[in-house]
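User: I should like to learn how to read salt bridges, strand pairing and cysteines in a structural model. Please take each feature in turn.

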Amino acid sequence: MGAEKPVAKRDSAYFDQWYADMEDSPAQDAIVARTLGLPPELQSTSLLSWQGIDEVATALQLRDGALLLDLACGRGGYGIEIARRTGARLIGIDFSEVALQQARLRGARLLPAGRAEFHNGSLDATGLPTGIADAIMCIDAVQFAEPPFSAMLEFRRLLTPGGRLVMTCWEAVDPSDDRVPPRIKAVHLRRDLLAAGFLDVQVHDKSDWREVERTMWEAAVAAPGGSDPAMQSFQAEGRWSLDNFDALRRVFATATAL
């Protein structure tokens with residue numbers, strides 16, 4: 001879900017199980033929706049609040065009928081919500097088939113027929129044609145590309161000239177801090193976006209978003225755990241996140257393709 005404690009391997013099989021557990025965990029979804037201010041039907045995959053969705057939607061500068069790519073879309077909630085608001089067409093990409101199945105069901109329920117499709121692919125190998133997209137969003141996920149720069153090269157390939165990129169994630173406050181997971185240490189948005197061929201790169205520190213995260217993790221660890229696997233994982237992530245909270249900063253990046 002977030003910049004959580006390091007684990008051995010986060011491949012498609014890991015995420016298939018993670019999304020299956022989440023689908024059966026109304027307790028986790030209720031905590032996330034309440035603390036992030038989200039409508040229950042959105043069913044968040046990560047840590048973007050309702051206010052955060054507003055900021056992402058504005059920064060994407062979408063017109064009616066434009067094509068939006070939601071990369072590492074998970075259950076599809078954020079991209080579907082922004083497509084609903086803007087009238088954009090939506091393609092979601094993820095490497096978890098379980099997540100994609102859930103996204104397709106929600107897209108069919110919440111968007112007009114033909115407005116959304118969801119396909120298997122990775123952050124650095126989407127399988128989509130060059131220059132297809134008017135805008136790309138990547139929410140809290142670029143750290144899963146190895147390295148993150150490879151994803152940014154793919155984002156640039158996919159965007160039409162003048163297309164918009166909006167990303168949210170975490171960066172290390174101090175890259176030498178041993179508490180920071182290696183995949184987060186590898187994230188350097190300003191450097192890599194410029195090197196990948198983007199203009200007008202803006203990277204904002206979102207301390208207000210970070211405080212909302214703190215509230216969510218505090219609610220998670222205070223909740224009854226029980227035998228729910230998703231809640232157990234959620235609470236373990238929450239304990240790690242609170243113990244290491246000052247090691248990471250929340251960032252929001254926008255850029256324009258050359």
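Analyst: A salt bridge is a side-chain nitrogen of Lys or Arg within 4 Å of a carboxyl oxygen of Asp or Glu. The model here is predicted, so local features need pLDDT of at least 70 and side-chain atom pairs count only at pLDDT 80 or more, while totals for chains, interfaces and linings use all residues. Residues are numbered from 1 along each chain as its sequence is written, and side-chain values use heavy atoms, with hydrogens and water left out.

User: How many salt bridges does a search of the whole structure find?

Analyst: Side chains of opposite charge can pair when their charged atoms come close. Across the whole structure, the search returns 20 salt bridges. One of them links the side chains of E23 and R75, with an N to O distance of 3.8 Å.

User: Which parts does the pair of E23 and R75 tie together?

Analyst: Helices (H or I, at least four residues) and strands (E, at least two) are DSSP runs, numbered from the N terminus. E23 belongs to helix α1 (residues 12-23) and R75 to the loop between β1 (67-71) and α4 (77-86), so this pair connects parts that are 52 residues apart in sequence.

User: Is R75 buried or exposed?

Analyst: Buried means under 20% relative accessible area, exposed over 50%, and partly exposed in between (1.4 Å probe, protein chains only). R75 has a relative accessible area of 0% and is therefore buried; E23, at 36%, is partly exposed.

User: What separates E211 from R214 in helix α9?

Analyst: E211 and R214 are three residues apart in helix α9 (residues 207-222), which amounts to about one helical turn. Both are partly exposed, E211 at 39% relative accessible area and R214 at 29%. Their salt bridge brings the closest N and O atoms to 3.1 Å. A similar reading applies in helix α4, where E81 and R84 also lie three residues apart, about one turn. Their closest N and O atoms are 3.7 Å apart in a salt bridge. There, E81 is buried at 10%, whereas R84 is partly exposed at 41%.

User: What does R210 of helix α9 touch?

Analyst: Contact means heavy atoms within 4.5 Å. Leaving aside neighbours within four places in sequence, R210 is in contact with W170, F245, L248 and R250. R210 is buried, at 7% relative accessibility. A polar contact is a pair of N or O atoms within 3.5 Å; within protein, one must be able to donate a hydrogen and the other to accept it, and residues adjacent in sequence count only if both atoms are side-chain atoms. The side chains of R210 and E213 make such a contact at 2.6 Å.

User: Which strands pair with β7?

Analyst: Two strands pair if DSSP finds at least two bridges between them. Strand β5 (residues 159-172) is antiparallel to β7 over nine bridges, and L165 stands opposite A255 of β7. Strand β6 (residues 198-205) also runs antiparallel to β7, joined by six bridges, with V203 partnered by A253. Strand β7 (residues 248-257) has nine of its 10 residues buried.

User: How many disulfides are found?

Analyst: A disulfide is a covalent bond between the sulfur atoms of two cysteines; the criterion is a pair of cysteine sulfur atoms within 2.5 Å. The whole structure yields zero disulfides. For C138, the nearest cysteine sulfur is that of C169, 7.9 Å away. C138 is buried at 1% relative accessible area, and C169 is buried at 0%.
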